[in-house]
Amino acid sequence: MRKQFVTTVEDIIANDQKTVLMLGDIGVFGFRRSFELYPSRVYNIGILEQATISMAAGLNMTGLTPIVHTIATFITERCFEQIKDDFGYQKLNGNIVSVGGSYDYAALGCTHHAPDDVPILMNIPTVQVVVPGTAGDFDSLFRQSYSNRGLRYYRLSERENEFRVPVKFGKANVIKLGRKATVIAVGPLLDKALVAVKNLDVTVIYLTTVRPLDTKTITANLSSGKLLICEPYYSGSITQEIMSAFKGTLRIDHLGVPKKFLVNYGTAKDHDRHMGFTEKEINRRVKELIHE
Amino acid sequence: MRRKNLNNLRKTIVEAAFHSGEGHIPSALSILDILWVLYGGVLNVSPKSCQSISRDRFILSKGQASLGLYAILSEKKFFPKREFKKFGSYGGILGGHPDMNKIPGVEASTGSLGHGFPMAAGVSLGLKIQHINAKVYVLIGDGECNEGSVWETALIAAHHKLDNLCCIIDHNHSTDRALKVDDLEEKFRSFNWKSLSVNGHDQLEIKKALMTKHPGKPLAIVANTIKGHGIKIMENNPAWHHKAPTREELSQILQELI
């Protein structure tokens, strides 16, 4: 997905004179060609996330479209207020593309984990959140939305789905129809969800745009009143919006990153296993929902 | 340029604060001479050109001094003076901190310190990228210089040689009791800015400083000011930092401003 990010953004920079790329001292080698070709619009801005976000807002004040890229925890938590005030409150437009969401940097430890990037940004009205499940998803969703109004957060992931389906910004995909429960799989969790419910009579909804949330598609596919939401970060980001939109009784289970410090290292797969991001655990939870 | 007595603007500020029970009056007064000079011929902006891409920009990073900016903008006819009657009210456009989406002439919605300065640097960079020959002025407070983002910006603005950016530091010693920030002229110089100091209440000196050429570098002007300047009971009196005058105090102040 990171390679796709470079390919997609390189192409956009080449064709859209209004775009400006700001790298937080990562991905510099990948963009070496853009640095040479467009030195006035491609910057290794340095390790200063607060000023970077405010400067990006300033760039947009002159009509340019900023694309900021660095590590998830630093570009969401450290400069949360800059995102809130400078983009959200001021109604400015721009893009943040992160790497290292949740525990993608597992071996680097807690300071590099960001299981709260999406949840905290969802507290800022108007911020749009995109969690692609494949490189192709990123390419498509970024091209569709990068020049829209407002600020968007794109969360690149180290892991990708094998399953491919065309995606549209702001739209959920119904992958499988069933009667006894519904599973929402966000971004890279789709593959696991599909394997987990292969022999179960359940609906599977694939979500790549977390905000604006496609409540129309979701609520139209909740006839069982039983829902499992699988999110690759702290759970609960979309629960309230679904509950408000759904007219009826809803039993919801969540599979997300638990709210505790993840002090172990290892690999992201190790963390997945310990936290229950496995086909087996999803299968168990869905069956439990069905038989309640 | 002639020195201008700004007592009519001081009166506007104090009366707005009195009627609303809100406002950072001394902070507004310490920057009044600077803003008067900026909007009195330095800035290439007017009510008609305030949406033009080639206009000069002014960003008040220390947003709590909003009443000072409002007084100048209304004097220059960016919006009608009657808006002051609704200062701080639910339906008014003028709040304790400025909102760029409500007030004509306001370039940024500031209030949280340390935001306006890097936004101004972003605007400067954006203008340079697009080869637009306009200048960006930003006013920060010395208390605001406690914020790390100020020094992030000082670093990056010099690195990118933003010589279309001028940062004015309102050095009114408001933060001395907490975290004193002295030698500001030298600090900015050490970040590779062209840096100088002025008497922030001498309009002629301010004008001369703002006209300083600074090719290849951003310009820092440390304006030595008095918090509450022009109203004796407020000058350097921390009790007035965020306080509206009583009716008796208002009467006394208006006598002084005649």
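**Helix crossing and sheet order in a predicted model**

Q: At roughly what angle do the axes of helix 3 of chain A and helix 5 of chain B cross?
A: In this predicted model, helix 3 spans residues 49-61 of chain A and helix 5 spans residues 116-129 of chain B. Their axes come within 6 Å. They cross at roughly 45 degrees.

Q: Are helix 3 of chain A and helix 5 of chain B parallel, perpendicular or oblique to each other?
A: The crossing angle is roughly 45 degrees. Roughly parallel needs under 35 degrees, and roughly perpendicular starts at 65. The two helices are therefore oblique.

Q: Is the crossing of helix 3 of chain A and helix 5 of chain B left-handed or right-handed?
A: Residues making this contact include A:Ser54, A:Gly58, B:Ala121 and B:Gly122. The crossing of helix 3 of chain A and helix 5 of chain B is right-handed.

Q: How many residues of the contact of helix 3 of chain A with helix 5 of chain B are nonpolar?
A: Among the contact residues are A:Met55 and A:Leu59 on helix 3, and B:Val123 and B:Leu125 on helix 5. No contact residue is charged, and 4 are polar. The nonpolar count is 12.

Q: Which are the edge strands of the open sheet in chain A?
A: The sheet has 7 strands in the order 2-1-3-4-6-5-10, with mixed pairing. An edge strand pairs on one side only. The edges are strand 2 (42-44) and strand 10 (209-211).

Q: What is the bridge partner of A:Leu23 in strand 3 of chain A?
A: Strand 1 (residues 19-23) and strand 3 (residues 65-71) of chain A pair in the parallel sense over 5 bridges. The partner of A:Leu23 in strand 3 is A:His69.

Notes
Residues numbered from 1 in each chain as written. Chains lettered and ligands numbered in written order. Predicted model: local features only at pLDDT ≥ 70, side-chain atom pairs only at ≥ 80, totals over all residues. Axes fitted to C-alpha atoms, helices over the stretch in contact; angles between N-to-C directions. Helix = DSSP H or I, 4+ residues; strand = E, 2+ residues; numbered from the N terminus. Parallel < 35°, antiparallel > 145°, perpendicular 65-115°, else oblique. Left-handed = near helix turned anticlockwise from the far one by under 90°. Contact = placed C-beta atoms within 7 Å. Nonpolar A, V, L, I, M, F, W, Y, C, P; charged D, E, K, R; others polar. Pairing = 2+ DSSP bridges.
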